[in-house]
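Trainee: I am new to this structure and would like a close look at one part of it. Could you take me through how one helix packs and what ties its surroundings together?

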Amino acid sequence: MEDLKDLEPQDEKTPEDLADYELNHTDKLVGVFSEPASTFTRMSAHEPKTTDWFIPVLIVIAVAIISNILMMSNPAIKFSIIENQMDRIEQNLQDMVDSGNLTRAQADQQLEQIRDRMENQMGAGMILQVIGIIVVTFILFFIVSGVFFLVAKFGIKGEAGYKAAMVAYGLPYYILVIQIIVMVILALAMNKAFQSTSVAAFLDMDTTNFTGYILNKLDVFSIWFYFVVGIGFAKMFKSENTGKYIGMTFGIWLGFSILIFFLAEAIPFLRFFIR
């Protein structure tokens with residue numbers, strides 16, 4: 001009889017039992033793309049892990065560095081990138097000339113020296129770019145996740161700490177990895193540099209005017225990213241109102257972007273951030 005009992009089907013796991021099972025990082029990676037709400041709900045039942053934000057951010061940095069190397073190895077793309085950078089520098093120098101801080105001759109001399117350095121010292125420039133990507137990516141990550149945390153914690157009265165906010169913002173970075181890969185494929189296929197996958201990028205629109213700047217935000221990967229970030233915050237902060245957190249992420253993203261645009265109109269130095 002005991003043998004027959006052993007053959008009887010065991011009780012299936014209940015949703016509560018599944019919630020107690022902690023996902024490994026691979027499960028979380030897949031879940032961000034397939035079932036973000038379910039994935040973050042199950043993650044919220046456990047202590048947030050540093051690896052859940054650190055690994056995605058690290059992979060974004062690595063992929064961004066590799067993509068830069070690949071694009072700079074293409075002569076046409078390299079020329080396009082240098083020209084885009086020179087346009088920005090030339091505009092900044094022109095602003096200094098207009099304000100009387102530089103003469104026209106000094107600006108032209110500096111422009112020529114900068115172009116020579118960019119064309120002849122690409123190795124050193126690449127090292128600086130790598131350092132810049134690492135430093136800027138981490139700084140922006142901590143600042144943005146901190147802003148989201150403050151609004152979620154004190155504005156929406158969510159129930160979680162800063163580490164949970166870092167996970168909610170950091171795990172969806174895997175979406176940005178896909179975006180960077182798509183940008184590299186497009187760049188190599190079309191022999192032009194892509195700074196985003198937005199409507200403005202495909203139409204070669206000037207992002208220093210308001211229309212081009214707004215269309216630069218019309219990017220399927222950016223929209224997908226912030227949508228999943230909103231879901232992540234709702235679940236990690238144990239809220240049933242997911243829409244409220246999605247609205248928070250999109251509101252902060254677009255609101256801050258528009259604020260930067262109009263500040264750049266008044267402060268020329270900030271124009272670098274809207275190009």
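Mentor: Happily; we will start with how far to trust the model, then look at helix α5 and move outwards from there.

This is a predicted model, in which local features need pLDDT of at least 70 and side-chain atom pairs count only at pLDDT 80 or more, while totals for chains, interfaces and linings use all residues. Residues are numbered from 1 along each chain as its sequence is written, and side-chain values use heavy atoms, with hydrogens and water left out.

The pLDDT is the predictor's confidence in each residue, from 0 to 100. Its mean for the chain is 84, with 87% of residues reaching 70 or more. Confidence is lowest in helix α1 (residues 2-7), at a mean of 45, and highest in α9, at 97. Over residues 1-16 the pLDDT is below 50, and beyond near neighbours in sequence this stretch has one contact in the model. Contact here means heavy atoms within 4.5 Å. Helices (H or I, at least four residues) and strands (E, at least two) are DSSP runs, numbered from the N terminus.

Now to the helix itself. Two packed helices are described by the angle between their axes and the distance between the axes. For α5 (residues 51-72) and α10 (residues 173-190), the axes come within 9 Å and cross at roughly 10°. Axes are lines fitted to C-alpha atoms, for helices over the stretch in contact, and angles run from 0 to 180 degrees between N-to-C directions. The two helices are therefore roughly parallel to each other, a label for angles under 35 degrees (over 145 is roughly antiparallel, 65 to 115 roughly perpendicular and the rest oblique).

On the α5 side, the residues that meet α10 include Ile55, Val63 and Met71; their partners in α10 include Tyr173, Ile180 and Leu188. By class, this contact has 18 nonpolar, one polar and no charged residues. Nonpolar covers Ala, Val, Leu, Ile, Met, Phe, Trp, Tyr, Cys and Pro; charged covers Asp, Glu, Lys and Arg; the others, Gly among them, are polar.

Charged side chains do appear elsewhere in α5. Asp52 and Lys28 meet in a salt bridge (2.7 Å, N to O), meaning a side-chain nitrogen of Lys or Arg within 4 Å of a carboxyl oxygen of Asp or Glu. This pair links helix α5 with helix α3, its residues being 24 apart along the chain. Both Asp52 and Lys28 are buried, that is, under 20% relative accessible area (exposed is over 50%, partly exposed in between; 1.4 Å probe, protein chains only).

The structure holds three salt bridges. Another joins the side chains of Glu22 and Lys49 (3.4 Å, N to O). Glu22 sits in the loop between α2 (15-20) and α3 (25-34), and Lys49 in the loop between α4 (36-43) and α5, 27 residues apart. Glu22 counts as partly exposed at 32% relative accessibility, and Lys49 is also partly exposed, at 37%.

The α10 side has a bridge to look at too. Asp204 pairs with Lys192, their closest N and O atoms being 2.5 Å apart. Asp204 lies in the loop between α11 (199-202) and α12 (210-215) and Lys192 in the loop between α10 and α11, so the pair ties together parts 12 residues apart in sequence. With 58% relative accessibility, Asp204 counts as exposed, whereas Lys192, at 15%, counts as buried.
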